[in-house]
Amino acid sequence: MKLIHSPTSPYSRKVRILILEKGLDVEEVATVPFDDDDILHTANPLGKVPALVVGDTAIYDSPVICEYLDALDKPWLPRKSKAHWRQKTLHALGDGIIDAVLAFRMERIRPQEQWWDFWAMRQENATVRALQHLETITDELGEPWEFGNLAIACALGYVDFRASDMQWRDHMPKLAKWLEPFEKLECWAQTTPPE
Ligand SMILES: N[C@@H](CCC(=O)N[C@@H](CS)C(=O)NCC(=O)O)C(=O)O
């Protein structure tokens with residue numbers, strides 16, 4: 001298996017952490033999606049990372065890749081209905097925070113006269129609401145690693161990377177404490193985005 005990824009992509013980070021934690025044999029191929037490499041376009045016509053090449057087929061969209069890899073060995077994702085859907089929903093919440101931070105950033109890296117403040121504020125408000133919600137359910141989140149927590153931890157890492165001026169730790173102390181064990185793990189250090 002081959003993972004086409006970008007070292008700064010938080011969606012890729014989820015998959016890379018899962019691979020490291022499970023000790024899976026996956027070759028990593030780093031790319032920059034905006035370079036429009038053939039290897040990425042062949043694997044994923046949408047031109048987005050991550051994409052996982054498995055034999056003569058490809059799997060994409062990070063939650064789908066995570067679910068595929070997770071199912072290979074000692075799944076973290078519970079089978080039982082209620083816990084299963086809860087973990088998938090938490091994973092979607094983490095991905096949604098990443099989506100919002102990314103969309104905000106895309107607004108702000110345009111020339112200033114092209115900024116669309118309505119859209120930027122919408123993304124920022126969604127991020128803040130999601131973090132505030134997580135602060136209220138921190139006790140329920142549990143230990144690393146679970147299927148939902150993987151995405152939530154990577155989302156918080158992405159807020160630190162791309163929206164550090166939010167200073168979310170000052171406003172969400174329980175969530176900040178919850179993240180600490182993740183930040184001490186080897187796989188966390190190995191997948192920290194380069195500056
Ligand atoms: N829903 C996708 C999102 C992937 C995504 O947007 N990746 C970004 C990098 S962080 C990308 O490849 N962007 C290039 C583009 O949108 O053209 C997933 O979870 O895999």
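**Salt bridges, ring contacts and a cavity**

At 37% relative accessibility, Arg-110 counts as partly exposed. Its salt-bridge partner is another matter: the side chain of Arg-110 meets that of Glu-107 at 2.9 Å, N to O, and Glu-107, at 3% relative accessibility, counts as buried. All of this comes from a predicted model.

Side chains of opposite charge can pair when their charged atoms come close. Here the count comes to eleven salt bridges. One of them joins Asp-95 and Lys-14, whose side chains meet at 2.6 Å, N to O. Asp-95 belongs to helix H4 and Lys-14 to helix H1, so this pair ties together parts that sit 81 residues apart in sequence. Both Asp-95 and Lys-14 are buried.

Glu-183 and Arg-169 make another bridge, with their side chains meeting at 2.8 Å, N to O. Glu-183 lies in helix H9 (residues 173–183) and Arg-169 in helix H8 (residues 168–171), so the link here spans parts 14 residues apart in sequence. Glu-183 counts as partly exposed, at 31% relative accessibility, and Arg-169 counts as partly exposed at 31% too. Asp-160 comes into the picture as well: salt bridges with shared partners join Asp-160, Arg-169 and Glu-183 into one network.

Turning to the rings, the structure holds seven aromatic pairs. Trp-76 and Trp-145 form one that is stacked, with 6.4 Å centre to centre and 10° between the planes. Trp-76 lies in the loop between helix H3 (62–72) and helix H4 (81–108), while Trp-145 lies in the loop between helix H6 (138–141) and H7, so the pair ties together parts that are 69 residues apart in sequence. Trp-145 is buried, with a relative accessible area of 11%. Phe-118 and Trp-119 form a pair that is tilted instead, with 6.4 Å centre to centre and 40° between the planes. Trp-119 is partly exposed, and its relative accessible area is 33%.

Trp-76 and Trp-145 also belong to a wider group, since ring pairs link them with Trp-178 and Phe-182 into a cluster. Charged side chains meet rings too. Arg-13 lies over the face of Trp-188, at 3.8 Å from the ring centre. Arg-108 does likewise with Trp-115, lying over the ring face at 4.0 Å from the centre.

Arg-13 turns up again around empty space inside the model, as part of the lining of the largest cavity. Rolling a probe the size of a water molecule over the atoms shows where empty space is left. A search of the whole structure finds one cavity of 30 Å³ or more, and the volume of the largest cavity is about 60 Å³. Its lining starts, in sequence order, with Pro-7, Thr-8, Ser-9, Pro-10 and Arg-13. Further along the chain come Cys-154, Gly-157, Tyr-158 and Phe-161, followed by Thr-191 and Pro-193.

Helix H1 (10–22) and helix H7 (147–162) each supply at least two residues of this lining. H7 gives the most, with four residues. By residue type, the lining divides into six nonpolar, four polar and one charged.

Terms used: Residues are numbered from 1 along each chain as its sequence is written. This is a predicted model: local features need pLDDT of at least 70, side-chain atom pairs count only at pLDDT 80 or more; totals for chains, interfaces and linings use all residues. Side-chain values use heavy atoms; hydrogens and water are left out. On a 1 Å grid over the protein atoms alone, a cavity is a set of points where a 1.4 Å probe fits but cannot get out, and a pocket is an open set with protein on both sides within 12 Å along at least five of seven lines; lining residues have an atom within 4 Å of a point. Grid points are joined across faces, edges and corners, and a volume is the space filled by probe spheres set on the points. Ala, Val, Leu, Ile, Met, Phe, Trp, Tyr, Cys and Pro count as nonpolar, Asp, Glu, Lys and Arg as charged, and the others, Gly among them, as polar. Rings of Phe, Tyr and Trp (its six-membered ring) pair if their centres lie within 6.5 Å; planes under 30 degrees apart count as stacked, over 60 as edge-to-face and the rest as tilted. Buried means under 20% relative accessible area, exposed over 50%, partly exposed in between (1.4 Å probe, protein chains only). A charge sits over a ring if NZ of Lys or CZ of Arg is within 6 Å of the ring centre and within 35 degrees of the ring normal. A salt bridge is a side-chain nitrogen of Lys or Arg within 4 Å of a carboxyl oxygen of Asp or Glu.
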